[in-house]
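Please look over the sequence and the fold together before reading on. The paragraphs below walk through the structure step by step, from packed helices to strands, loops and the core.

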Amino acid sequence: MKSRSAAPWMRRWAWVAAGAAVLLAGCTSMAPINPPIERVDPQGGYRVGNLLKRQDKTANDSGTLFVLTFSGGGTRAAAFSYGVLEELRRTGITVKGVPRNLLSEVDLITGVSGGSFTALAYALYGDRLFTEYEPRFLKRDVQGALTSRTLNPGNWFKLGSADYGRSELAADYYDEILFGGATFDDLIARPTPATAVTGTDLSTGARFQFSQEHFDLLCSDLGKVRLARAAATSSAVPVVLSPVTYRNYGGHCGAVMPAWVKDVIDPAAQARPSGRALLRYRDMQAFEDSGNRPYLHIVDGGVSDNLGLRGVIEALEEVEASPAFQQQIDFRNIRRIVVVVVNSRSAPATDWDRSPRAPGIVAQALQSSSVPIDHFSYESVELLKDIAQRWADARKFEIADKRIAGMSKAQAEADVPELRFDAIDVSFDSIADKKERLYFMNLPTSFVLSEEEVDKLRALGGRLLRESPGFRDLIDSLQGAATPAQRAALKP
């Protein structure tokens with residue numbers, strides 16, 4: 001009798017022990033920790049500035065700075081930006097007498113949210129992207145897989161812990177399907193463009209950039225951060241996904257502010273200091289304050305900059321504001337800047353204005369967040385165009401002053417080298433056909449689209465780039481435009 005009565009008792013305790021073990025495993029599950037550094041090494045790590053200056057791509061035109069910016073927008077943004085990459089790869093040119101495709105001239109790609117996946121995947125894969133990106137990511141039901149994993153009871157203990165949220169679960173999935181555990185250290189030696197993806201500091205609204213220059217402020221090593229976690233951070237839509245938390249050790253490793261800071265904060269340095277640069281400096285100071293901010297909670301980069309363009313604009317204004325910064329980055333050797341803004345902004349149609357009843361709470365919340373972001377994005381593109389025009393006007397004035405001083409026109413123009421600035425906007429707004437424009441504007445911001453929708457977005461990205469007047473001017477003006485035979489030879 002004792003042996004029979006002991007069996008249920010032992011089984012009950014076995015179940016309790018098993019449950020405790022699972023619970024303990026869940027509670028001890030930790031999100032990855034970005035490691036600290038003792039001292040900043042200005043030559044080490046994934047530094048965008050250093051990557052832009054390196055000369056290992058010998059045929060690349062060192063006098064041209066070519067930048068792509070990829071907006072947010074889920075799979076819609078990822079596919080649209082991928083189509084732009086495909087078109088650049090198909091476009092043949094010659095540089096220094098060597099036939100190349102235009103994609104090889106790209107120096108920097110910035111990305112937020114959906115656009116961050118294309119940017120990071122190209123940095124990691126290079127030309128392999130054009131055979132692997134579609135099946136691995138674009139034509140996969142990423143959203144359905146994440147929902148399934150969130151609802152799986154086997155993940156509930158992890159998701160219930162303080163350090164492992166829905167975005168950490170997403171990062172693990174992105175590693176499985178796309179990034180394979182690669183870190184920023186794995187990108188340093190690759191001959192692909194420098195890549196800068198961003199999130200948003202939930203407390204301050206500041207841009208949080210995945211570059212070692214930014215991680216210096218945190219006294220942390222970006223190199224050990226997984227690309228999948230950076231992509232998950234940049235696409236961590238508030239409420240839908242959890243913020244991603246990073247440790248802040250800032251203020252103790254000798255981080256040095258860039259040269260432009262002195263000129264911006266010195267009231268005697270210029271009559272009107274750059275307001276955006278000054279704001280960025282204050283954000284940088286806040287990131288260094290680890291005493292009051294030992295943890296940083298980061299969400300979708302689109303909250304602060306849905307085009308991935310804000311950092312480019314700030315950098316251009318910092319160059320304007322600081323001759324010392326120009327010298328630090330060898331800006332005098334740049335003769336041309338090309339910025340292609342790939343904007344997949346959507347504007348789903350509503351019938352709210354036909355009804356006396358206001359939309360519901362959820363609809364109001366979504367619209368209240370998306371409308372300011374879209375307007376802010378439009379302003380960013382206009383700011384970029386304003387900078388381009390301002391720089392062109394400044395050269396004219398400088399030439400005029402030299403002519404007044406007695407120089408001939410030829411001497412004055414030779415003394416003030418031209419800096420050409422091409423600002424090219426690729427967006428759904430430029431679609432001429434209203435019905436087609438509405439189709440793309442109504443595609444959802446999600447991480448699942450049909451294969452047909454993905455293919456249409458890819459084709460559209462290439463077509464809109466080709467049709468852009470700015471892009472046609474760029475191709476026409478590039479030194480040594482390729483012959484038709486060279487273009488054909490470069491087609492993948």
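The axes spoken of here are lines fitted to C-alpha atoms, for helices over the stretch in contact, and the angles run from 0 to 180 degrees between N-to-C directions. Two packed helices are described by the angle between their axes and the distance between the axes. Everything that follows was computed from a predicted model.

With that description in hand, begin at helix H3, which spans residues 74-90, and at helix H18, which covers residues 451-467. These two helices, H3 and H18, pack at an angle of about 50°, and their axes are 7 Å apart. Because angles under 35 degrees count as roughly parallel and 65 to 115 as roughly perpendicular, H3 and H18 are therefore described as oblique to each other. The crossing in which H3 passes H18 is right-handed. On the H3 side the contact involves residues including Thr 75, Phe 80, Tyr 82, Val 84 and Leu 88, while on the H18 side it involves, among others, Val 454, Leu 457, Arg 458, Leu 460 and Leu 464.

H3 also packs against helix H4 (residues 114-125), at an angle of about 40° and with the axes 6 Å apart. H3 and H4 are therefore oblique to each other as well, and H3 passes H4 in a right-handed crossing. Here Gly 74, Ala 77, Ala 78, Ser 81, Tyr 82 and Leu 85 of H3 meet Gly 114, Gly 115, Thr 118 and Tyr 122 of H4.

One residue of H3 deserves a closer look, namely Tyr 82. Is Tyr 82 buried or exposed? Its relative accessible area is 0%, so Tyr 82 is buried. Leaving out residues up to four places away in sequence, Tyr 82 touches Thr 118, Leu 129, Phe 130, Tyr 133, Glu 134, Leu 138 and Arg 458. In the case of Glu 134, which is 52 residues from Tyr 82 along the chain, the two C-alpha atoms are separated by 9.4 Å.

From the helices we can turn to the strands, beginning with strand E5 (residues 194-201), where eight of the eight residues are buried, so that E5 is largely enclosed by the rest of the structure. E5 runs parallel to E4, and five bridges join the two strands; in this pairing Gly 111 has Val 197 of E5 as its bridge partner. With strand E6 (residues 207-209), in contrast, E5 pairs in the antiparallel sense over three bridges, and there Gly 199 stands opposite Phe 208 of E6. E5 and E6 form a hairpin with five residues between them, and in the turn Gly 205 has a positive phi of about 80°. Strand E8 (residues 295-300) likewise runs antiparallel to E5, joined to it by three bridges, and Val 299 in E8 is the bridge partner of Thr 200.

The loops hold two further residues with an unusual backbone angle, which can be recognised against a general background. Most residues other than glycine have a negative phi. Ser 113, however, has a positive phi near 50°, and this residue sits in the loop between strand E4 (108-112) and H4. Val 239 also has a positive phi, of about 80°, although it is not a glycine, and it is found in the loop between helix H10 (227-234) and strand E7 (244-247). Which of the two terms, buried or exposed, applies to Ser 113? At 6% relative accessibility Ser 113 counts as buried, whereas Val 239, at 78%, counts as exposed.

Another loop, between helix H9 (212-217) and H10, contains Gly 223, which counts as buried because its relative accessibility is 0%. Although Gly 223 and Pro 35 are 188 residues apart along the chain, their C-alpha atoms are separated by 9.2 Å. Apart from neighbours within four places in sequence, Gly 223 is in contact with Thr 183, Phe 184, Asp 185 and Gln 212.

Phe 184 leads on to the largest nonpolar core, which has 115 residues, and Phe 184 is among those with the most contacts inside it, together with Leu 88, Tyr 133, Phe 137, Tyr 174, Phe 179 and Phe 210. The largest share of this core, eight residues, is contributed by helix H4. Beyond its neighbours within four places in sequence, Phe 184 is in contact with residues including Tyr 46, Leu 120, Phe 210, Leu 222, Gly 223 and Val 225.

Note on methods. Residues are numbered from 1 along each chain as its sequence is written. This is a predicted model: local features need pLDDT of at least 70, side-chain atom pairs count only at pLDDT 80 or more; totals for chains, interfaces and linings use all residues. Side-chain values use heavy atoms; hydrogens and water are left out. A nonpolar core is a set of buried Ala, Val, Leu, Ile, Met, Phe, Trp, Tyr and Cys residues joined through side-chain atoms within 4.5 Å. Buried means under 20% relative accessible area, exposed over 50%, partly exposed in between (1.4 Å probe, protein chains only). Helices (H or I, at least four residues) and strands (E, at least two) are DSSP runs, numbered from the N terminus. Contact means heavy atoms within 4.5 Å. Two strands pair if DSSP finds at least two bridges between them. Angles under 35 degrees count as roughly parallel, over 145 as roughly antiparallel, 65 to 115 as roughly perpendicular and the rest as oblique. A crossing is left-handed if the near helix is turned anticlockwise from the far one by less than a right angle, and right-handed if clockwise.
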